[in-house]
Amino acid sequence: MAEEQRDAENDALGDRDDALDDRDDALDDRDDALDAVLATYDLKDERRTGWQLRGVDEPESVAAHSWGVAYLVLALGDRFREELPDVDLDRALRLAVVHDAAEAETGDAATRADSTADAVDREAKEAAEREAMRDLAGPLPERVRDAWEAYEARDSPEAVLVKDCDLLDVCLQALLYERDDRYDPERGEPDAFREYDDLDEFFATAEPRLRTEAGRELFAAVRERYRAARDE
């Protein structure tokens with residue numbers, strides 16, 4: 001009887017040790033997730049390169065841009081439903097939040113319309129961002145990586161909406177910087193803008209990449225306000 005009791009106690013101790021090991025493993029996983037989140041938080045300080053080139057005073061961060069895209073999805077997403085009737089705005093918000101997450105590791109690379117500017121190696125950029133997301137999203141729920149992949153694929157109504165909002169956010173930010181007189185080309189890199197004056201290039205890079213009529217209509221409205229502010 002005593003031997004059976006000892007066996008039972010040993011089994012209980014073994015179960016407890018297994019439970020503690022499982023708890024420690026869970027804590028390790030949770031720490032990995034926190035590390036990944038902290039690494040992505042670098043986006044809060046990662047400044048948008050295009051604005052820096054133009055000498056914008058205290059330019060927005062990549063995280064601020066991502067918030068702008070998400071807010072456009074939430075605030076104006078219904079305007080795209082005629083062309084994107086199946087769009088899921090809640091899913092689109094996920095894509096908006098993570099669409100530039102890889103830049104926490106790769107940094108921000110400005111898209112240029114100026115033919116004299118150095119062209120971005122698209123294949124190298126995509127490969128670097130994909131590798132970055134393996135690190136940043138690895139310990140996180142699959143929905144994080146899935147949302148980023150869906151945005152990159154550009155073949156869902158949500159991805160189309162988010163990309164148009166991504167471009168519109170740039171134009172809205174240019175309008176705000178123009179209205180507030182927030183930039184000085186001499187303070188940036190004057191030689192980087194040889195074919196465009198003021199903040200015109202940001203509209204030139206956005207316009208040909210818009211894929212919806214709703215996006216183009218909003219773009220035209222923002223550009224009209226920008227030109228009015230620029231020409232005052």
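# Salt bridges, burial and core in a predicted helical model

Modeller: In this predicted model, the side chains of D200 and R230 meet in a salt bridge, with 3.1 Å from N to O. D200 belongs to helix 9 and R230 to helix 10, so the pair ties together parts that are 30 residues apart in sequence.

Colleague: What makes the contact between D200 and R230 a salt bridge?

Modeller: The term asks for a side-chain nitrogen of Lys or Arg within 4 Å of a carboxyl oxygen of Asp or Glu. Here an Arg faces an Asp at 3.1 Å, and therefore the pair meets the cut-off of 4 Å.

Colleague: Is R230 itself buried, partly exposed or exposed, and how do you know that?

Modeller: The relative accessibility of R230 is 24%. Buried would need a value under 20% and exposed a value over 50%, so a residue in between is called partly exposed, and R230 counts as partly exposed.

Colleague: How many salt bridges does the structure hold, and which residues are linked in a network of them?

Modeller: The structure holds 13 salt bridges, and R48, E60 and D108 are linked in a network. The side chains of R48 and E60 meet at 3.6 Å, N to O. This pair links distant parts of the chain, with R48 in the loop between helix 1 (2–40) and helix 2 and E60 in the loop between helix 2 and helix 3, twelve residues apart. R48 also forms a salt bridge with D108, where the closest N and O atoms are 3.9 Å apart. That second pair again links distant parts, D108 being in the loop between helix 5 (103–106) and helix 6, 60 residues from R48.

Colleague: Why is the pair of R48 and D108 still called a salt bridge?

Modeller: The closest N and O atoms of R48 and D108 are 3.9 Å apart, and the cut-off is within 4 Å, so the pair is counted.

Colleague: How do you know whether R48, E60 and D108 are buried or exposed?

Modeller: Each value is set against the limit for buried, which is under 20% relative accessible area. R48 has 11%, E60 has 8% and D108 has 13%, and therefore R48, E60 and D108 count as buried.

Colleague: Which charged residue of helix 8 has a polar contact with Y183, and what makes that contact a polar one?

Modeller: E178 lies in helix 8, and a polar contact of 2.6 Å joins the side chains of E178 and Y183. The limit for a pair of N or O atoms is 3.5 Å, so a distance of 2.6 Å meets it. E178 counts as buried because its relative accessibility is 11%, set against a limit of under 20%. Beyond its neighbours within four places in sequence, E178 is in contact with residues including D198, L199, Y226 and R230. The C-alpha atoms of E178 and R227 are separated by 9.1 Å, although their positions lie 49 residues apart along the chain.

Colleague: What makes D166 a buried residue, and which side chain does D166 meet in a polar contact?

Modeller: D166, placed in helix 8, has a relative accessible area of 8%, which means that it is buried. The side chain of D166 makes a polar contact of 3.3 Å with the side chain of H99. Leaving aside neighbours within four places in sequence, D166 is in contact with H65, V69, H99 and Y151.

Colleague: How many residues has the largest nonpolar core, and which have the most contacts inside it?

Modeller: The largest nonpolar core has 53 residues, and V73, L161 and V162 have the most contacts inside it. Among the helices that each supply at least two residues are helix 2 (49–53), helix 4 (89–98), helix 6 (122–137) and helix 8 (157–179). Helix 8 gives the most to this core, with twelve residues. Beyond its neighbours within four places, L161 is in contact with V73, G77, F80, L84, V87, L89 and A92.

Colleague: Why is L74 called exposed?

Modeller: L74 has 56% relative accessibility and therefore counts as exposed, the limit being over 50%. L74 is placed in helix 3 (residues 62–76), and together with W67 and Y71 it makes a nonpolar surface patch of about 400 Å².

Colleague: How many helices and strands does the protein chain come to, and how much of it is buried?

Modeller: The protein chain comes to ten helices and zero strands, and buried residues make up 39% of its 232 residues.

Definitions and conventions. Residues are numbered from 1 along each chain as its sequence is written. This is a predicted model: local features need pLDDT of at least 70, side-chain atom pairs count only at pLDDT 80 or more; totals for chains, interfaces and linings use all residues. Side-chain values use heavy atoms; hydrogens and water are left out. Helices (H or I, at least four residues) and strands (E, at least two) are DSSP runs, numbered from the N terminus. Buried means under 20% relative accessible area, exposed over 50%, partly exposed in between (1.4 Å probe, protein chains only). Patches are made of residues with over 30% relative accessible area and no salt bridge: like charges are joined within 9 Å, nonpolar side chains (Val, Leu, Ile, Met, Phe, Trp, Tyr) within 5 Å. Accessible areas come from the Shrake-Rupley method with a 1.4 Å probe; for residues, only the protein chains shown count as cover. A nonpolar core is a set of buried Ala, Val, Leu, Ile, Met, Phe, Trp, Tyr and Cys residues joined through side-chain atoms within 4.5 Å. Contact means heavy atoms within 4.5 Å. A polar contact is a pair of N or O atoms within 3.5 Å; within protein, one must be able to donate a hydrogen and the other to accept it, and residues adjacent in sequence count only if both atoms are side-chain atoms.
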